[in-house]
Amino acid sequence: MMLLLELKRGLLNKRMLVSCMFALVLIFLTAYDRYLYDVLFFDPEAPDIRGNHQAIQDILGEIHNKYNIWESSFSYIGIFFPLIVVFPYAASYLEEKNQKFHYFIQTRKSFDHYVRNKYLAATLTGGLAIFIPEFIFYAIISIFFNNDADSPYRHLQEEGIFYTLFNTQPELYIWIKFLTHFLLGACFACIALCLSTFVKKKAIVYVGPFLIFGIWEITAGAILDQYQFSPSTWYDLWPEVSPFYVYGSMITILITGYVIFIWRTRRVRIDD
């Protein structure tokens, strides 16, 4: 019951709404740059294609295919997702600690029970903060665009994790990518939650994971040339990395983060 209440607090607040709206804007901006601009402003009377019915059909078939639009719409959100997933609820423990709320909790539930539920609620909220806007976008383009997976105008992938699955069963691939983004969102919410046990200012909790993401990307990719450990590689399911590295790394982050959060909250409790 307490976990459900925590999840309700995490999902039904203004910061969650702001995060989802910001994510949707980023997704639609990318989609607009790649395809939606042509959808809105395509001119079959343009001099270079006027009267060329095959060229017009090819262009319309490409820009109205749901799978083409979906696969090309996550460049911007792939940069800013650490901010999106931590904003709704990752600082809640710090807020409650600063307000001495955990003293009140101990009169009703055990402190360990409170910490476990806080961890689960914060990480689940972080994952949902990225899943919900992506799913809304998916639902919208599924309604308004061509869902034909066998369309000759659908772009196929030649590389990447599960690329053959995208070519043969794109709906299953999309849900695998949903799960991947959900887990990655949970990981960065976990990082922010752990960070909140070391600092006293919420701004650090919000901005810190984004800075960690930037340093992580530069170190893993540009310096060490180890792209299999790069979060952006996991996000895009690039060919440089195997599923073992992607999901094994994220599970390791979640488990390690849980251990650190439990350890730090007990230390804070002792210090208090």
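**Helix packing and selected residues in an all-helical model**

Asp225 counts as exposed because its relative accessibility is 52%, where exposed stands for over 50% relative accessible area, buried for under 20% and partly exposed for the range in between (1.4 Å probe, protein chains only). The structure is a predicted model, in which local features need pLDDT of at least 70 and side-chain atom pairs count only at pLDDT 80 or more, while totals for chains, interfaces and linings use all residues. Residues are numbered from 1 along each chain as its sequence is written, and side-chain values rest on heavy atoms, with hydrogens and water left out.

Asp225 sits in the loop between α11 and α12. Although Asp225 is not a glycine, its phi is positive, at about 55 degrees. A positive phi of about 55 degrees is also found at Leu237, again not a glycine. Leu237 belongs to the loop between α12 and α13 (243–271). With a relative accessible area of 2%, Leu237 is buried.

For the protein chain as a whole, the secondary structure amounts to 13 helices and zero strands; helices (H or I, at least four residues) and strands (E, at least two) are DSSP runs, numbered from the N terminus. The pattern along the sequence accordingly reads α-α-α-α-α-α-α-α-α-α-α-α-α. The C-alpha trace spans about 80 × 40 × 30 Å along its principal axes. Of the 272 residues in the protein chain, 48% are buried. The exposed area of the chain is about 13800 Å², with carbon and sulfur atoms supplying 66% of it; accessible areas follow the Shrake-Rupley method with a 1.4 Å probe, and for residues only the protein chains shown count as cover. Among contacts (heavy atoms within 4.5 Å) with a separation of 6 or more, 79% join residues 24 or more positions apart.

Helix α5 (77–86) offers a good place to look at packing in detail. Seven of the 10 residues of α5 are buried, so that this helix is mostly covered. The buried residues are Ile77, Gly78, Phe81, Pro82, Ile84, Val85 and Val86. Their cover includes α2, α8, α10, α11 and α12 (231–236).

With helix α11 (residues 202–223), α5 packs at an angle of about 150 degrees, the axes lying 8 Å apart. Here axes are lines fitted to C-alpha atoms, for helices over the stretch in contact, and angles run from 0 to 180 degrees between N-to-C directions. The pair α5 and α11 is therefore roughly antiparallel, a label for angles over 145 degrees, with under 35 counting as roughly parallel, 65 to 115 as roughly perpendicular and the rest as oblique. The crossing of α5 and α11 is right-handed, that is, the near helix is turned clockwise from the far one by less than a right angle, whereas anticlockwise would be left-handed. From α5, Gly78, Ile79, Phe80, Phe81, Pro82, Leu83 and Val86 meet Val205, Tyr206, Pro209, Phe210 and Phe213 of α11. By class, this contact holds 11 nonpolar residues, one polar and no charged; Ala, Val, Leu, Ile, Met, Phe, Trp, Tyr, Cys and Pro are taken as nonpolar, Asp, Glu, Lys and Arg as charged, and the others, Gly among them, as polar.

Helix α2 (residues 14–41) also packs with α5, at an angle of about 175 degrees and with the axes 10 Å apart. This angle makes α2 roughly antiparallel to α5. Ser19, Phe22, Ala23, Leu26 and Ile27 of α2 form the contact with Ile77, Phe80 and Ile84 of α5. The residues of the α2 and α5 contact comprise seven nonpolar, one polar and no charged.

Elsewhere, the axes of helix α8 (residues 111–144) and helix α10 (residues 170–195) come within 7 Å and cross at roughly 140 degrees. The α8 and α10 crossing is right-handed. In that contact, 16 residues are nonpolar, five polar and three charged.

Helix α10 also contains Cys194. This residue counts as buried because its relative accessibility is 8%. Leaving aside residues up to four places away in sequence, Cys194 touches Gly257, Ile260 and Phe261. The C-alpha atoms of Cys194 and Leu17 are separated by 23 Å, with their positions 177 residues apart along the chain.

Finally, Ser72 lies in the loop between α4 (66–71) and α5. At 18% relative accessibility, Ser72 counts as buried. With residues up to four places away in sequence not counted, Ser72 touches Thr30, Arg34 and Tyr35.
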